[in-house]
Amino acid sequence: MAHVKIFDTTLRDGEQSPGVNLNLPEKLEIAKQLERLGVDVMEAGFPASSQGDFESVREIANTIRSCSVTGLARAVKSDIDTAYEALKDGADPRIHVFIATSPIHMEYKLLKTQVQVIEKAVEMVTYAKTKFDKIEWSAEDASRSDWDFLTQIIEKVIDAGATVINLPDTVGYTTPQEYGRMFKYIKENVPNIEKADLSAHCHDDLGMALANSIAAVENGATQIEGTINGIGERAGNAALEELAVALKIREDVYEGRTGLVLKEIKRTSDLVSKLTGMHVPRNKAVVGQNAFAHESGIHQDGVLKNAQTYEIITPEMVGVQSNNLVMGKHSGKHAFKDKLQNLGYELSEEKLLEAFTEFKKLTDRKKEVTDDDLFTILTEIQTQTVDVKKYELSGFQVEYGSAQVPTATVQLTKPDGTEIEESAEGQGAVEALFNTLDSMIEEDVHITDFQLNSIGSGRDALAQSHVKLTVDGTEFNGRGSSQDVLEAAVKAFLNAVNRGFYYQAPVQAQGVSS
Ligand code: KIV
Ligand code: ZN
């Protein structure tokens, strides 16, 4: 079985999804989980794009030890210098330099001829080589580029030092046959191609990102790029969990296999969904809630007789636990610590205490605490940021009845300790709360999305809310969880507002709280 390397770009291309903005502790948490999942390379961001991105890439590169961390750079010296500063202390640093090669991009975006694009690409790869051993070079919009031009430029950038050649389907336009043929052509017509890995990077505009990626593997790609849950620019990228499971389940057909730890898939998917606010559809392949649910009587009967009648992937294979009831009121700190270790969390004493306190609070209200609940508590604790909360919730009340206009009253605390209180009405309880919050907040806030989901099942399940809003014209997402749906919604609203504030605060203030 050939090893298909996995290049994860959840933190770069995935973070380019509209409305997604992760802060440093959240990116770090995802990076650590990607390391557990066993990706070969993770693209942590685009260091030259903002000071925040620079800081996150540097922190991730300095933290992650068992996979290579990379950062994106345009074919511009200053981008390469900035990426070097962010990545240089990493365990296995590499840079990802790109330039567009399609006629439309060269003519309208770059205003360059083919000869000029070749010159620029070679000059920048040569420059990057003075700083990095490992260089990935991408031909942006490769799938709409001229194949002979691609062979010329690829040969030259490999001579200049590129160690990976990536051929993105930037606009999700190609088809499996066409993309496969392009890889075959490049393999057969670039004389020095054996000196580099050949990589595929597919977008899902026509719903073919996964099929295109697999076609690339069948035609010589040794690396596949994608994101967890397929999040990304526009319709997203190829979903890595789908790729890994498809190659494993159909190993009778495909000769490649990824090194991903399949049991970590569900947790990685949950974490990315929770932190980005990009909810995973119930019917999503491999990780959707219904992926293992058998509804029709005929199917249920078949599965009971022999699971393989209708089940090609077992829940256990991807880390979905069928019985994850874990702890209750009487569980002590020692058992709690053991449980967290089993779940893969190493917490400082201080954080352990914090987590245990939250756990105990939850057991007062919820009889059975599941792995999902623990995961929610821990994610909140691991990703909270230091002291940039402009508004803290002190309390709220809602007067609500089917025959009366709902009225909410909210108390907030400002950083200087001042308490403020306001009341407002709305068409429903959530609207009344949001109207009240809106009237208390100095910034100009508009809600663009509101979601409420339950974590796990049962009447006493935790509620998780995601809110997207614009704060002074910029979009932020926020999340909140609680056993009470209204409290979850209020927390999510304030979380989004505070993040707006956090992003405007100086970068030093955006530290990690451990
Ligand atoms: O889709 C794309 O072309 C990209 C490149 C920057 C690799 O994301
Ligand atoms: Zn992309």
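These legends walk through four close-up views of a predicted model.

**View 1. Helix α1 packs against helix α10.** Welcome to the first helix pair! Two packed helices are described by the angle between their axes and the distance between the axes. For α1 (residues 24-37) and α10, the angle is about 165° and the axes are 10 Å apart. Angles over 145 degrees count as roughly antiparallel, so α1 and α10 are roughly antiparallel to each other. Their crossing is left-handed. On the α1 side, look for E26, E29, I30, Q33, L34, R36 and L37, which meet I265, R267, T268, L271, V272 and L275 of α10. Sorted by class, this contact of α1 with α10 holds 7 nonpolar, 2 polar and 4 charged residues.

**View 2. Helix α10 also packs against helix α14.** Here α10 (residues 265-276) comes back with a second partner, α14 (residues 371-383). Their axes lie 11 Å apart, at an angle of about 55°. The two helices are therefore oblique to each other. Viewed as a crossing, α10 passes α14 in a right-handed way. Try finding R267, D270, L271, K274 and L275 in α10; these residues meet D372, F375, T376, T379 and T383 in α14. By class, the contact of α10 with α14 has 3 nonpolar, 3 polar and 4 charged residues. You may recognise R267, L271 and L275 of α10 from the previous view, where they meet α1.

**View 3. Helix α2 packs against helix α3.** How far apart are the axes of α2 and α3? The axes of α2 (residues 51-63) and α3 (residues 77-87) are 7 Å apart, and the packing angle is about 40°. That angle makes α2 oblique to α3. From α2, the residues F54, V57, R58 and A61 make the contact, and from α3 the residues T82, E85, A86 and L87. By class, the contact of α2 with α3 has 5 nonpolar, 1 polar and 2 charged residues.

**View 4. Ligand 1 and the residues that surround it.** Now we leave the helix pairs and turn to the ligand. Which residues surround ligand 1? They are R12, D13, H96, F98, S138, E140, N166, P168, T170, H201 and H203. Several of these residues deserve a second look. A polar side-chain atom of T170 sits 2.6 Å from an oxygen atom of ligand 1. For R12, a polar side-chain atom is 2.9 Å from an oxygen atom of the ligand. The side chain of H203 has an N or O atom 3.0 Å from an oxygen atom of ligand 1.

Note on methods. Residues numbered from 1 in each chain as written. Chains lettered and ligands numbered in written order. Predicted model: local features only at pLDDT ≥ 70, side-chain atom pairs only at ≥ 80, totals over all residues. Heavy atoms only, no water. Axes fitted to C-alpha atoms, helices over the stretch in contact; angles between N-to-C directions. Helix = DSSP H or I, 4+ residues; strand = E, 2+ residues; numbered from the N terminus. Parallel < 35°, antiparallel > 145°, perpendicular 65-115°, else oblique. Left-handed = near helix turned anticlockwise from the far one by under 90°. Contact = heavy atoms within 4.5 Å. Nonpolar A, V, L, I, M, F, W, Y, C, P; charged D, E, K, R; others polar. Near = heavy atom within 4 Å. Polar contact = N/O pair within 3.5 Å; in protein donor to acceptor, adjacent residues only side chain to side chain.
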